[in-house]
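Biologist: I am new to reading models like this one. Please pick a single part, look at it closely, and tell me how the rest is arranged around it.

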Amino acid sequence: MDLLYRQIIRHKKQDTADKLYYLSVCAIFKNEGPILKEWIEYHLLVGVDHFFLYNNFSDDNYREILAPYIERGIVDLIDWPVPQGQFPAYEDCWQKFRETTRWIALIDLDEFLCPVYETSVGTWL
């Protein structure tokens with residue numbers, strides 16, 4: 001059993017009523033400026049409270065696009081200059097932010113959480 005899985009199981013047993021966020025998304029990205037706004041706005045509509053976004057060597061206009069979300073406290077932007085850094089970024093996110101959120105979805109920017117039986121992912125959870 002890998003370290004992240006063991007920590008998730010242990011964390012699920014703890015009381016989580018006092019978390020800052022209910023549902024967060026952790027994702028790593030590189031040069032995804034053209035889709036960042038749509039992806040964030042969609043996930044806000046389906047119940048995501050917060051985003052932990054790991055920048056992995058982007059050189060596009062991602063900062064300009066994320067600035068309003070950072071100012072509103074919706075996005076935490078983490079610079080992540082780690083080659084092939086997806087799994088280390090997820091591990092870092094879990095270690096640093098697990099105490100602030102009830103749920104953390106680890107997804108890519110080409111993936112969308114889609115509630116089927118509810119209008120909100122948070123309600124379904």
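Modeller: Let's start with a term: two strands count as paired if DSSP finds at least two bridges between them. Keep in mind, too, that this is a predicted model.

The part I would choose is the sheet. Four strands make an open sheet, in the order S3-S2-S1-S4, and their pairing is parallel. At the edges stand strand S3 (75-79) and strand S4 (101-106); each has a single partner strand, so one side of each is left without a neighbour in the sheet. From one strand to the next, the twist averages 20 degrees.

Now zoom in on one of those pairings. Strand S1 covers residues 21-29 and pairs with S4 in the parallel sense over five bridges. If you want a place to put your finger, try Ser-24, which stands opposite Ile-104 in S4. Helix H2 (residues 33-45) packs on this sheet, where it touches S1, strand S2 (50-55) and S3. The direction of H2 makes about 155 degrees with that of S2.

What fills the space between these elements? The largest nonpolar core has 22 residues, and those with the most contacts inside it are Val-25, Leu-36, Trp-39, Ile-40, Phe-51 and Leu-53. S1, H2, S2 and helix H3 (62-71) are the elements that give two or more residues to this core. Trp-39 is a nice one to follow: leaving aside residues up to four places away in sequence, Trp-39 touches Val-25, Ala-27, Phe-51, Leu-53, Ile-107, Asp-108, Leu-109, Glu-111 and Phe-112. Apart from the largest core lies another, of eleven residues, among them Phe-52, Trp-80, Tyr-90 and Phe-97.

Some of these names return when we look at the rings. The structure holds seven aromatic pairs. One of them joins Tyr-21 and Phe-52 edge-to-face, at 6.4 Å centre to centre and with 75 degrees between the planes. Tyr-21 is in strand S1 and Phe-52 in strand S2, 31 residues apart, and the pair links these distant parts of the chain. Tyr-21 counts as buried at 18% relative accessibility, and Phe-52 counts as buried at 1%. In the pair of Tyr-54 and Trp-80, the ring centres are 5.3 Å apart and the planes are at 85 degrees, so this pair is edge-to-face. Because Tyr-54 lies in strand S2 and Trp-80 in the loop between S3 and helix H4 (86-97), the pair ties together parts that are 26 residues apart in sequence. Both Tyr-54 and Trp-80 are buried. Tyr-21, Phe-52 and Phe-97 also form one aromatic cluster.

Next, the cysteines. The structure holds zero disulfides. Cys-26 is in none, and the nearest cysteine sulfur, that of Cys-93, is 3.1 Å away. For a disulfide, the two sulfur atoms would have to be within 2.5 Å. Cys-26 is buried, with a relative accessible area of 0%, whereas Cys-114 is exposed, with a relative accessible area of 53%.

Finally, step back to the whole chain. The protein chain has five helices and four strands, and from the N terminus on, its elements run α-β-α-β-α-β-α-β-α. Of its 125 residues, 42% count as buried. Among contacts between residues at least 6 apart in sequence, 78% join residues at least 24 apart.

Technical notes. Residues numbered from 1 in each chain as written. Predicted model: local features only at pLDDT ≥ 70, side-chain atom pairs only at ≥ 80, totals over all residues. Heavy atoms only, no water. Axes fitted to C-alpha atoms, helices over the stretch in contact; angles between N-to-C directions. Contact = heavy atoms within 4.5 Å. Buried < 20%, exposed > 50% of the residue type's maximum accessible area, 1.4 Å probe, protein only. Phe/Tyr/Trp six-rings, centres within 6.5 Å; stacked < 30°, edge-to-face > 60°. Core = buried A, V, L, I, M, F, W, Y, C linked by side-chain atoms within 4.5 Å.
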